[in-house]
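Got a minute to go through some of the labels people put on a model like this? Let's take them one at a time and check each against its cut-off.

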Amino acid sequence: MVEPVPESIHFPSEEKRILQLWKDKDCFQECLKQSKNRPKYTFYDGPPFATGLPHYGHILAGTIKDIVTRFAHQSGFHVDRRFGWDCHGLPVEYEIDKTLDIKGPDDVAKMGIAEYNRQCRMIVMRYANEWENSVTRMGRWIDFKNDYKTLYPWFMETVWWVFRQLYDKGLVYRGVKVMPFSTACNTPLSNFESNQNYKDVQDPSVIVNFPLLEDENVCLIAWTTTPWTLPSNLALCVNSELQYVKVKGEKVFFVFPGKTLKGKKYKPLFDYFRKCGETGAFQVVMDSYVREEEGTGVVHQAPYFGAVSISFNNICQRDQAPVCPVDSSGCFTDEVTDFVGQYVKDADKNIIKWLKERGRLVNSGSFKHSYPFCWRSDTPLIYKAVPSWFIRVEHMVEKLLENNDKCYWVPEFVRERRFGNWLRDARDWAVSRNRYWGTPIPLWCSDDFEEVVCVGSMAELEELTGVKVTDLHRESIDQLTIPSRCGKGVLRRVTEVFDCWFEKEFEDTFPADFIAEGIDQTRGWFYTLLVLSTALFGKPPFKNVIVNGLVLASDGQKMSKRKKNYPDPGLVVENYGADALRLYLINSPVVRAENLRFKEEGVRDVLKDVFLPWYNAYRFLVQNVQRLHKEDGISFLYNEATAKRSDNIMDKWIQSFTQSLIQFFKAEMDAYRLYTVVPKLVKFVDMLTNWYVRTNRRRFKGESGTEDCLGALENLFSVLFSMCRLMAPFTPFITEMMYQNLRHLIDPASVEEKDSSSIHYLMLPLVRESLIDKRIESAVCQMQSVIELGRVIRDRRTLPVKYPLKEVVVIHQDPEALRDITSLQKYILEELNVRQLTLSTDKDKYGISLRAEPDHMVLGKRLKGAFKSITASIKELKSEQLETFQKTGSIVVDGQELHEEDLRLMYSFNQTSGSATQYEAHSDSQGHLVPSDEITVYYSCEPAGDYLDHVIQAHTDFILATTKAPLKTYPVPKDSSVIVQEKTQLKGSDLDLTIVKGAAAPRAPLTGPACAYINLQLKLNNKEQEGVVLLENPKGDICLDMAKLRQVCSSLFGLNNTTLCVFNGKTGKMCDLLSLNGKTLSVTSGSNPSDSSPNSDSLVCPYVNLQLANCQPAECKSGDVGTLLLVNPVGHDYLTHNALLSETAKLFGLRSRRLKLYLDDALTQGKTDTPGPKSYFGSVSMLPSMHLGWLLARPSSAQRMGWETLS
């Protein structure tokens, strides 16, 4: 018998009860048993590292995978789901290095590889229990008992087999290439790894002279931001097409093309590698990559430390020893006698000093630029020539693109743009790492590398070595040797291990039907899978892929444990339940590969807006089933085959709507478009609860007879049961909870499944096309519009529904629509509490007319200067002209042919016209939005400060919570994409509302610089100077610690060769620099400052705040708000206008964009002159030419500035 349903519910507690039910019945394994004879559906699950805890990104990816695989099971497939663990690689080793204070290979050698790997093995599953608990609590069904780990011998053997196939195809080679190199991890990184972590850094900038041998009075001037590479200089490079000048002082002697300099020899800076001059070094070479925008037009070349090329003709020979005097820890080797043992970045200041003492330094300073950091250790990478093992990729770029086109990507633009662009520039893949804890590369070589044996299995290794092998890690096989077949003694294994990306899941079920990961994997897992599958089998590795965006903190910054800028996932699930979190994540832009700003209130709203109404409809059904049994002695049992067809129009509507939903659901889920499915499911909850149940309450309660009550209950049960099966992949807990009670109301004779004890055993409901009636769906839609418009009018006049009204008039040009409305007249009269419904096609009688507004974004971009004049003409168009335009789709205005996308049509109501005086009007000709659309609401209330204005101000929080959109005052930015605009009167005030596309996050007015800062007072050798250091820039991008602060101070005050100390008052110990925001610190040569009381804590340098609007910063940047100092230190020249534009572009990583300056939010007052202390205090905003929406800060000072990017 069905159980009573309590009035209130705590969803997290119910979910725990369901978890116990699944555990007791072993539901997941039972599900697999039931489907074992069905067709297989395969997916690859990119395994996580268990050395860290799961975060929202893991939860999102896991939820997408769970939804798709549950749907595949519901669709009649067998889906094996095994959890995997990534156990090898830098993430594990870096943890051990930190714990044991391992600095480099020498420390590992002292410990021994066996002990080092033992330590790694001990921590690889550190958080395995937490992972299993989290994944299980989120409702994901996946097998942890039969998991796989990349450290299992059988898995490592599979990796060997893959590599052996590549080796046999001639795709493996050993080469010396300049590669991104992590000195903290002592290993090279692949190109896609080095692109994962860019930061803005302040590096030393030096200009050095290179006297020509033919005339040492003439010097070439070269610029570099890596002084540490100068000891390895072998050439200078110029652009043959650029124009160069010969100058002395301020006098220009002559101008000549760069090609004139080709082959000219110069005096080396250092003598360490002077012998290389005998083979062509220390001369000028040509290349077109040299540009005039930065530097001097002469580029210093240390070929073995440069990312450009190491193959300059006659300079670097393949048979010569590399000029690469830096070890794997980033320290100079014995060749560089003056700086031996120094870490290269630390040696910069000493090299600059050396150059200055010998007259080779022309100028030194600092330079801020974007620089790659190690994704694991978060330390700067260097570019360094290293011998590595490579997989050939460049030769198969066309095949990669061809196979990529065979994959179905959701969303599609990722395949064409982000991933496609990456593939077009694909480089040979360096798969070797100079590390210890990983799958060893199975190559045994002679000392001269001329004899190489590639081993493809454990059995083959045993046969070749004569030793039984049970484990494949380095400590088990490094000592094994293979006899040479060429008389070269014995072959020994190369010391490298595989890049952990090479070890990712690659099963015999190939290709996979489905994979899913974050958009960052376009340069990671997606890429390596495609490379390997193309190289091995010539076809793509997967058929379908869903790419999700990133989950960010609510302020748009990256989620950071240190900043604590996001709610703990465990607490969110504990408070609201896993289903609410799942649905919130899936019903968001993140499943369209866009970023999501995570807001806890969004999860809460899922409970309030979706789950509670759905639960109440379920409770209402059970209540009335029990009432029917109690009052009439009728036991309700549902059997789809025997259920009677209802003549009630609302019953027909909800059945048709349900079947249309099932049809849509199957089509869209088959296309992996989760982002279209979930909004429809959420809308269905609203249709069921707020329309069907609401308009049929009396029938459910038996007021229209027992037979009609039974019919209504059958319809409601059918709809709820179908809905539970559709929602089961998305919300597995609440659907299971409802089903466990509802299944007692199902006629056992109608059950087809052998075991139907869980909703997750059931198949999807079949579409009953005979029940679909689009005519009825359209009629009810018309009825809903009338009721909703009527409610708006009542709200506008503050007339509660309990007060009856005389008449409601519906004006529509389509007689068919009016007939639909007539058929549902009783529902309209009842819901609006009016006595009479009048239908008409006569707009003029009631003072209704059409008016037009131009689409500013579309027309403004197309017509440019003519836009202003044509706008006035558009607003003068008559209603009759616009009615013709509605029919034809085009109209000529001022000689310009306009189409539907150029104009927005709206109805206006003239209340002073004839009989219209007794009516209030509202129209449904508005922009249609879905819950995931981002909008901004602008309003104007006249007279300002009147009653209505005060109400809006007092209830802003309530309005924001209801609309879930920023609320801003007029003016509306001129290039905004307006969705709808409306004027009305309320309480004696004129209210003007405009809704535009795009969410402009409301920001508090700035009362100072947007970024945290400290003032600096330098007191050194009778020198006193003031300056400023920004502790973050952009806002939220914090990269300063005490060591870096001292470096910045040295650069700022031009004291690169002086040891400086920084004091806060009398203390020099400062742990949290951000806590010093706004303070003034003293800078000395080491002694405590004599006067510890600063003059002022206000910012000592003029500045501008920068707000990036309408676009995102570069991927390597983390924020869209920043600050630039116009003067620093105090007393220096102001930034020029061009310099300000250049620095702004660097700040947000938009160097390829040209910028234009404005003084107002509306971007009408252009600014092109040189900045000064009065004109540039305040805030600026940037607006690229895409015009996707606005994101403008409200400055605190008198003037504001905006930026526009020109394409």
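Q: Which residue follows helix 19, and what is the sign of its phi?

A: Keep in mind that this is a predicted model. Helix 19 is followed by Y672, and the phi of Y672 is positive, near 60°.

Q: How do you know that the span of helix 19 is close to the expected one?

A: Helix 19 covers residues 649-670, which makes 22 residues. The expected span is 1.5 Å times one less than the number of residues. For helix 19 that comes to 32 Å, and the distance from its first C-alpha to its last is 31 Å, so the two are close.

Q: What makes the pair N648 and M650 a polar contact at the start of helix 19?

A: A side-chain oxygen of N648 comes within 2.8 Å of the backbone nitrogen of M650. The cut-off for N or O atoms is 3.5 Å, so this pair qualifies.

Q: Why are helix 1 and helix 16 called roughly perpendicular?

A: Their axes cross at roughly 95° and come within 5 Å. Roughly perpendicular is the term for 65 to 115 degrees, so the label fits helix 1 and helix 16.

Q: Which residues make that contact, and how do they split by class?

A: From helix 1 it's F11, P12 and K16, and from helix 16 it's V573, E574, N575 and Y576. By class, you get four nonpolar, one polar and two charged residues.

Q: Why does D26 count as partly exposed?

A: Its relative accessibility is 42%. Buried needs under 20% and exposed needs over 50%, so D26 lands in between. You'll find D26 in the loop between helix 1 (11-25) and helix 2 (27-35). Phi of D26 is positive, near 50°, and D26 is not a glycine.

Q: And N186: buried or exposed, and why?

A: Buried, because N186 has 4% relative accessibility and the cut-off is under 20%. N186 sits in the loop between strand 3 (172-182) and strand 4 (187-188). Here too the residue isn't a glycine, yet phi is positive, about 55°.

Q: What is omega for the cis peptide bond from E942 to P943, and where does P943 lie?

A: Omega is near -5° for that cis bond. P943 lies in the loop between strand 32 (935-942) and helix 30 (947-954).

Q: What kind of peptide bond joins N1033 and P1034?

A: A cis one, with omega about 0°. As for P1034, look in the loop between strand 37 (1023-1030) and helix 32 (1042-1052).

How values were computed
Residues are numbered from 1 along each chain as its sequence is written. This is a predicted model: local features need pLDDT of at least 70, side-chain atom pairs count only at pLDDT 80 or more; totals for chains, interfaces and linings use all residues. Side-chain values use heavy atoms; hydrogens and water are left out. Helices (H or I, at least four residues) and strands (E, at least two) are DSSP runs, numbered from the N terminus. Buried means under 20% relative accessible area, exposed over 50%, partly exposed in between (1.4 Å probe, protein chains only). Axes are lines fitted to C-alpha atoms, for helices over the stretch in contact, and angles run from 0 to 180 degrees between N-to-C directions. Angles under 35 degrees count as roughly parallel, over 145 as roughly antiparallel, 65 to 115 as roughly perpendicular and the rest as oblique. Contact means heavy atoms within 4.5 Å. Ala, Val, Leu, Ile, Met, Phe, Trp, Tyr, Cys and Pro count as nonpolar, Asp, Glu, Lys and Arg as charged, and the others, Gly among them, as polar. A polar contact is a pair of N or O atoms within 3.5 Å; within protein, one must be able to donate a hydrogen and the other to accept it, and residues adjacent in sequence count only if both atoms are side-chain atoms.
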